[in-house]
Amino acid sequence: MTHGTTPTIVSVEAILVDLPTIRAHQLAMATMQRQTLVIVRLRCSDGIEGLGEATTIGGLSYGDESPEGIKLTIDTYLAPALANEDATNVHAAMARLGKVARGNRFAKSALETALLDAQAKRLGVPLSTLLGGAVRPALPALWTLASGDTTRDIEEAERLLGERRHDTFKLKIGRRALREDVAHVAAIKRALGDRARVTVDVNQAWNEAEAATGIAMLEAAGVDLIEQPTPREQRTALARLAARFVVPIMADEAVCGPEDAMELARLGAADVFALKIAKAGGIFGMLRTAAVGDAAGIALYGGTMLEGSIGTIAAAHGFCTLPQLAWGTELFGPLLLKDDIVVERPTYRDFMLHLPRGPGLGLALDEDKLAHYRRDRS
């Protein structure tokens, strides 16, 4: 690169990668046997490459974007719009994408991550430094107990507590009869007692009457947090439940960007917001959403779309910069994968996810693993 010329975006590649999971992962709306990542490689005229990731849960069963759709959107609409744009101006590039395509937050988040990764590498600093600096070097990370078998879940929790890997456990409920689900959670909370936090995620599976019954029983069982008990569209139902119970109610699917956060805050519809860079359209959208929650006195939680290492570490760089993060994070996605496509997988110890120290995301692709797991491998 000659001195004085601004590096431009030369190419954007979106790659579908199918990775095996360590076990079946049950949610209210799907059971996952593998995880599909969309990996973005953004190459610049100065030879620097930025990495990004978009990952969804269970194809289209979770939301409006699927891995195949994300790749199509990037290849057909977003990548051409970035051709020859200034690679150093992330906000201008994202504003351009905002004009080219509405919504498509997951796809945009992956591209924003790649732009930020490239720019931080260019400057020789960690991505969090670009955002103003990390106020915490590591993030508390919970683990989801999702086998559905009470005894197995308790054994798994005890083992992970003993290894000092996790001391907060989340249970995915909403698939089975309400009382069956509550009995399962209550047994696990009884077994773990005060040694661990236990939270539940209903993934929108209950109506308001079911939620009122279920939450009362879960509160009595000592559960620490209830995530998205009712459908995302029913904001006033969530508000009535939040007003009725002491146990904190967390909005997840109901809060994507700052506009949602503003409306939920106005309604008093949640005690906690689950932040995710993908559903906010990127790290900056997540930071704006967090700022609204902060201003309204709503506690914050770092959520996951069960991303692999690239998406997880991108979120971690963002979450590390938040002034308040009362509920820690659930950035355990890489631990759910049997294998990965990065050279060095993220470090989990002492109940925390530790940020890599290198420039940008601090991650490098393992080209052999990528070649092996990419869907279009010939």
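In this predicted model, Lys 172 has a relative accessible area of 18%, which makes it a buried residue. Even so, Lys 172 has found a partner: it forms a salt bridge with Asp 201, and the closest N and O atoms sit 2.8 Å apart. Lys 172 belongs to strand 6 (residues 168-172) and Asp 201 to strand 7, so this pair ties together parts that lie 29 residues apart in sequence. Asp 201 is buried too, at a relative accessible area of just 1%. The general idea behind such pairs is simple: side chains of opposite charge can pair when their charged atoms come close.

There is plenty more of this, since the count of salt bridges comes to 29. One of them joins the side chains of Asp 117 and Lys 121, with 2.9 Å from N to O. Here both partners are in helix 3 (residues 105-123), four residues apart, or about one turn of the helix. That spacing makes sense because an α-helix has 3.6 residues a turn, so residues three or four places apart point the same way. How accessible are the two partners? Asp 117 counts as buried, at 0% relative accessibility, whereas Lys 121 counts as partly exposed, at 26%.

Glu 158 and Arg 195 make another salt bridge, with 2.8 Å between their closest N and O atoms. This pair links distant parts of the chain: Glu 158 is in helix 5 (residues 150-162), while Arg 195 is in the loop between helix 6 (178-192) and strand 7 (197-201), 37 residues apart. Glu 158 is partly exposed at 30% relative accessible area, and Arg 195 is partly exposed as well, at 45%. Elsewhere, salt bridges join up into a network made of Glu 13, Arg 41, Arg 43, Glu 49, Glu 367, Arg 374 and Asp 376.

Arg 43 from that network also turns up among the contacts of Thr 8. Leaving aside neighbours within four places in sequence, Thr 8 is in contact with Arg 43, Cys 44, Ser 45, Asn 84, Glu 85 and Ala 87. Thr 8 itself is in the segment before strand 1 (9-26) and is partly exposed, with a relative accessible area of 24%. Between Thr 8 and Ala 110 there are 18 Å in space, C-alpha to C-alpha, and the two are 102 residues apart in sequence.

Now for the sheets. Strands 6 and 7 take part in an open sheet of seven strands, ordered 5-6-7-8-9-10-11, with parallel pairing. Its edges are strand 5 (143-145) and strand 11 (299-302), each of which pairs on one side only. On average, neighbouring strands in this sheet are turned by 30° against each other, ignoring direction. Toward one edge, strand 10 (residues 272-275) runs parallel to strand 11 and is joined to it by four bridges; Leu 275 has Gly 302 as its bridge partner in strand 11. Helix 5 packs on the sheet, where it touches strand 5 and strand 6, and its direction makes about 160° with that of strand 5.

Helix 5 has a helical neighbour as well. The axes of helix 5 and helix 6 come within 10 Å and cross at roughly 35°, and the crossing is right-handed. Which residues meet there? From helix 5 come Thr 150, Asp 153, Ile 154, Ala 157, Glu 158 and Leu 161, and from helix 6 come His 184, Ala 187, Ile 188, Ala 191 and Leu 192. According to an unreviewed UniProt entry, residues 150-248 are covered by the annotation "domain: Mandelate racemase/muconate lactonizing enzyme C-terminal". Over residues 150-248 the chain is 52% helix and 13% strand, with 24 Å between the end C-alpha atoms.

The model also has an open sheet of three strands, in the order 4-13-12, and this time the pairing is antiparallel. Strand 4 (138-140) and strand 12 (347-349) stand at its edges with a single partner strand each, so one side of each is left without a neighbour in the sheet. The twist from one strand to the next averages 30°. Three bridges join strand 4 to strand 13 (residues 352-354), and Ala 138 has His 354 as its bridge partner in strand 13.

Helix 11 lies across strand 4, strand 12 and strand 13, running at about 100° to strand 13. How many residues of helix 11 (residues 309-319) are buried? The count is 11 of its 11 residues, including Ile 310, Ile 313, His 317 and Phe 319.

Methods: Residues are numbered from 1 along each chain as its sequence is written. This is a predicted model: local features need pLDDT of at least 70, side-chain atom pairs count only at pLDDT 80 or more; totals for chains, interfaces and linings use all residues. Side-chain values use heavy atoms; hydrogens and water are left out. A salt bridge is a side-chain nitrogen of Lys or Arg within 4 Å of a carboxyl oxygen of Asp or Glu. Helices (H or I, at least four residues) and strands (E, at least two) are DSSP runs, numbered from the N terminus. Buried means under 20% relative accessible area, exposed over 50%, partly exposed in between (1.4 Å probe, protein chains only). UniProt positions are given in the numbering used here, feature names are shortened, and annotations may be inferred rather than shown by experiment. Two strands pair if DSSP finds at least two bridges between them. Axes are lines fitted to C-alpha atoms, for helices over the stretch in contact, and angles run from 0 to 180 degrees between N-to-C directions. Contact means heavy atoms within 4.5 Å. A crossing is left-handed if the near helix is turned anticlockwise from the far one by less than a right angle, and right-handed if clockwise.
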